[in-house]
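Here is a short tour for the bench. Take a look at the fold first, and then we can walk through a few of its parts together.

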Amino acid sequence: MTLGRSVQGRAIDAVHISTAGARRTVLVVGCVHGNEPAGIAVARRLERSRRRGLDLWVIEDLNPDGVAARTRQNAHRVDLNRNFPERWRPLGQPGDQQYSGPHPLSEPEVRIAYTLIRRVKPVVSIWFHQPVDVVDESGGDLAVERRFAKLSGLPLRRLTRYPGSAVGWQNVALHGTTAFVVELPPGRLAYGDVSRYARAVLGVAR
């Protein structure tokens, strides 16, 4: 289903997979920074899953304009992961690596994610980034983050918590839910790595 459109009019789609026996709603975002697209392959693999016990929402690409241009930011030159409401503050100028936009929720791509999360209230949200190769202790349920790290084979580390981030907003706004960042390694993922990360998502989703 199409949730909305980017600054340049590209569709931002979500796939909803619902099978019998689901215990929790999970959201996966494959890409938010356009120059960090490796998670799109993981998202696409998940879209084909029909295992029992899933209530899974998948957004392959929240920043299609950035992916097309191979830029971190969207077409307004805003870092989407600094544009969410929690602790938002002005950062940089248009085109700067972490420019946070003129105000929180100024970007259509961010409003799309914000609206979906408020509507479906995922118990777990996983946002893929690159290239640090870790699972971030992002401020939600540490047990969930630890489980994903164990299943994926990535180390668990606490990275810097930035203002205006998607996971920072959800972890405050939706009490009792867990949103966290998975930093994939640089470059394209091998087939086996895509499968491993997809299995890790399914492991925390069920």
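## A helix and its covered side chains

In this predicted model, the buried residues of helix α3 are Pro 108, Glu 109, Val 110, Ile 112, Ala 113, Leu 116, Ile 117 and Val 120. The helix covers residues 108-120, 13 in number. From first C-alpha to last, α3 reaches 18 Å, close to the 18 Å expected at 1.5 Å a residue. Right after α3 comes Lys 121, with a positive phi near 50°.

## A strand with neighbours on both sides

Now for strand β6, residues 124-129, where 6 of 6 residues are buried. Val 124, Ile 126 and Phe 128 point one way from β6, while Ser 125, Trp 127 and His 129 point the other way.

What does β6 pair with? One partner is strand β4 (residues 25-29), parallel to β6 over 4 bridges. Another is strand β9 (residues 178-183), which runs parallel to β6 and is joined to it by 6 bridges. Val 124 of β6 has Val 26 opposite it, and Val 124 also stands opposite Thr 178 in β9.

## The chain as a whole

Stepping back, the protein chain holds 6 helices and 9 strands. Its radius of gyration is 15 Å, which agrees with the value near 17 Å for a compact globule of 206 residues. The C-alpha atoms fill a box of roughly 45 × 35 × 35 Å along the principal axes.

Of the 206 residues, 55% count as buried. The chain exposes about 9200 Å², with carbon and sulfur atoms supplying 47% of that area. Among contacts with a separation of 6 or more, 71% come from residues 24 or more positions apart.

Notes:
Residues numbered from 1 in each chain as written. Predicted model: local features only at pLDDT ≥ 70, side-chain atom pairs only at ≥ 80, totals over all residues. Heavy atoms only, no water. Buried < 20%, exposed > 50% of the residue type's maximum accessible area, 1.4 Å probe, protein only. Helix = DSSP H or I, 4+ residues; strand = E, 2+ residues; numbered from the N terminus. Pairing = 2+ DSSP bridges. Expected span 1.5 Å × (residues − 1). Rg over C-alpha atoms; globule rule 2.2 N^0.38 Å. Contact = heavy atoms within 4.5 Å. Areas by Shrake-Rupley, 256 points an atom, 1.4 Å probe, with all protein chains shown as cover.
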